[in-house]
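Welcome, and thanks for taking a look at this one with us. Below is a short tour of the open spaces, the ring contacts and a few buried spots; please keep the viewer open as you read.

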Amino acid sequence: MKKIYPDAASALEGILFDGMHLCVGGFGLCGIPERLIDALQEAGVKDLTIASNNAGIDNEGLGKLLRSRQVKKMISSYVGENKEFERQYLAGELEVEFCPQGTLAERCRAGGAGIPGFYTKTGVGTQVAEGKEVKEFNGEDYILERGIFADICLIKGWKADKAGNLIFRKTARNFNAPMATAGKICIAEVEEIVEVGELEPDAIHLPSIYVKRLICGSPYDKKIESRMTRERENAA
């Protein structure tokens with residue numbers, strides 16, 4: 001099976017359609033599939049439902065798709081740092097399903113494992129529980145959360161071999177690992193592709209069976225989500 005594609009546009013060719021559901025890895029600007037997001041924007045596919053921890057920042061990451069008005073619904077746990085997200089939501093132009101961060105990760109993991117739903121205490125007695133089934137276990141209430149399974153999942157890795165075995169780098173592992181299994185087709189972009197056998201088997205985070213399409217997106221520019229500085233203190 002052909003897994004390695006020359007660029008993001010070719011990796012997405014033939015599988016995009018309006019109204020599709022996507023899982024997109026990353027946390028803020030850490031570990032986001034930048035090249036694949038850019039290719040989505042260029043493709044012009046619209047009415048997207050996207051499950052992602054957040055929507056990037058203004059005009060970076062998924063924020064680009066918000067600016068181009070390609071997103072219909074976001075399933076997210078954190079939506080700060082993005083003024084366009086806020087504007088569209090308050091104006092009724094964007095549907096938002098807020099989901100606790102751990103619950104979102106588990107919903108994606110569950111979807112990838114073929115589990116249609118699970119019960120959790122997180123959100124009981126809050127707005128998160130509104131409209132959801134409540135069940136009692138051992139004298140305590142739990143709410144039903146449904147697994148997430150998307151048409152495609154887009155993830156960012158550090159290294160992959162030519163078979164598609166993949167390693168994430170440090171905190172960039174974040175949502176990429178659970179979301180990698182939660183779609184019919186997983187497309188990964190990585191910083192480096194090496195020969196089969198070069199990766200230490202015990203270091204592989206995502207086996208090749210999950211990765212259907214693969215691109216090398218290097219080089220990348222290190223982007224800072226929120227720059228915080230202070231004046232240098234005068235030397236004594």
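A helix here is a DSSP run of H or I with at least four residues, and helices are numbered from the N terminus. With that in hand, helix H2 (residues 34-43) can be named as the source of the largest share of the lining of the largest pocket, namely four residues. Please bear in mind that this is a predicted model.

**The largest pocket**

- The space in the largest pocket comes to about 480 Å³.
- Its lining is made up of 26 residues, and those nearest the centre of the pocket are Leu29, Cys30, Gly31, Lys156 and Lys222.
- How does the lining of the largest pocket divide by class? There are 13 charged residues, alongside nine nonpolar and four polar ones.

**The second largest pocket**

- For the second largest pocket, the space is about 160 Å³.
- A set of 14 residues lines the second largest pocket, with His21, Thr49, Ile75, Arg107 and Ile148 closest to its centre.
- Three strands each give at least two residues to this lining: S1 (21-24), S2 (48-51) and S3 (71-76).
- The classes in the lining of the second largest pocket are eight nonpolar, three polar and three charged.

**An enclosed cavity**

- Rolling a probe the size of a water molecule over the atoms shows where empty space is left.
- How many cavities of 30 Å³ or more are there? The count is one.
- The volume of the largest cavity is about 60 Å³.
- Residues lining the largest cavity include Val24, Gly25, Gly26, Phe27 and Gly28, as well as Ile32, Ile37, Ser52 and Asn54.
- No charged residues appear in the lining of the largest cavity, which holds seven polar and five nonpolar ones.

**Helix H2 and its surroundings**

- Which residues of H2 are buried? They are Glu34, Leu36, Ile37, Ala39 and Leu40.
- Ile37 therefore has two roles to look at: this buried residue of H2 also lines the largest cavity, and Ile37 is worth selecting in the viewer.- An α-helix has 3.6 residues a turn, so residues three or four places apart point the same way.
- The buried residues of H2 are covered by elements that include helix H1 (8-12), S1, helix H3 (63-67), strand S8 (150-156), strand S11 (183-190) and strand S13 (213-216).
- Just after H2 comes Gly44, with a positive phi near 75°.

**Aromatic rings**

- The number of aromatic pairs is three.
- One of them joins Phe137 and Tyr142 edge-to-face, with 5.5 Å centre to centre and 90° between the planes.
- Phe137 is partly exposed, because its relative accessibility is 33% and the buried class ends at 20%.
- Tyr142 is also partly exposed, at a relative accessible area of 22%.
- Tyr119, Phe137 and Tyr142 are linked into a cluster by ring pairs.

**Charges over Trp158**

- Lys159 places its charged end over the ring of Trp158, 4.8 Å from the ring centre.
- Arg169 also lies over the face of Trp158, at 5.2 Å from the centre of the ring.

**A buried lysine**

- Lys73 belongs to strand S3.
- Is Lys73 buried or exposed? Lys73 counts as buried, because its relative accessible area is 18%, under the 20% limit.
- Leaving out residues up to four places away in sequence, Lys73 touches Leu48, Thr49, Ile50, Leu94, Glu95 and Glu97.

Definitions and conventions:
Residues numbered from 1 in each chain as written. Predicted model: local features only at pLDDT ≥ 70, side-chain atom pairs only at ≥ 80, totals over all residues. Heavy atoms only, no water. Phe/Tyr/Trp six-rings, centres within 6.5 Å; stacked < 30°, edge-to-face > 60°. Buried < 20%, exposed > 50% of the residue type's maximum accessible area, 1.4 Å probe, protein only. Lys NZ or Arg CZ within 6 Å of the ring centre and 35° of its normal. 1 Å grid on protein atoms, 1.4 Å probe; cavity = no way out; pocket = protein on both sides within 12 Å on 5 of 7 lines; lining within 4 Å. Points joined across faces, edges and corners; volume = space filled by probe spheres on them. Nonpolar A, V, L, I, M, F, W, Y, C, P; charged D, E, K, R; others polar. Contact = heavy atoms within 4.5 Å.
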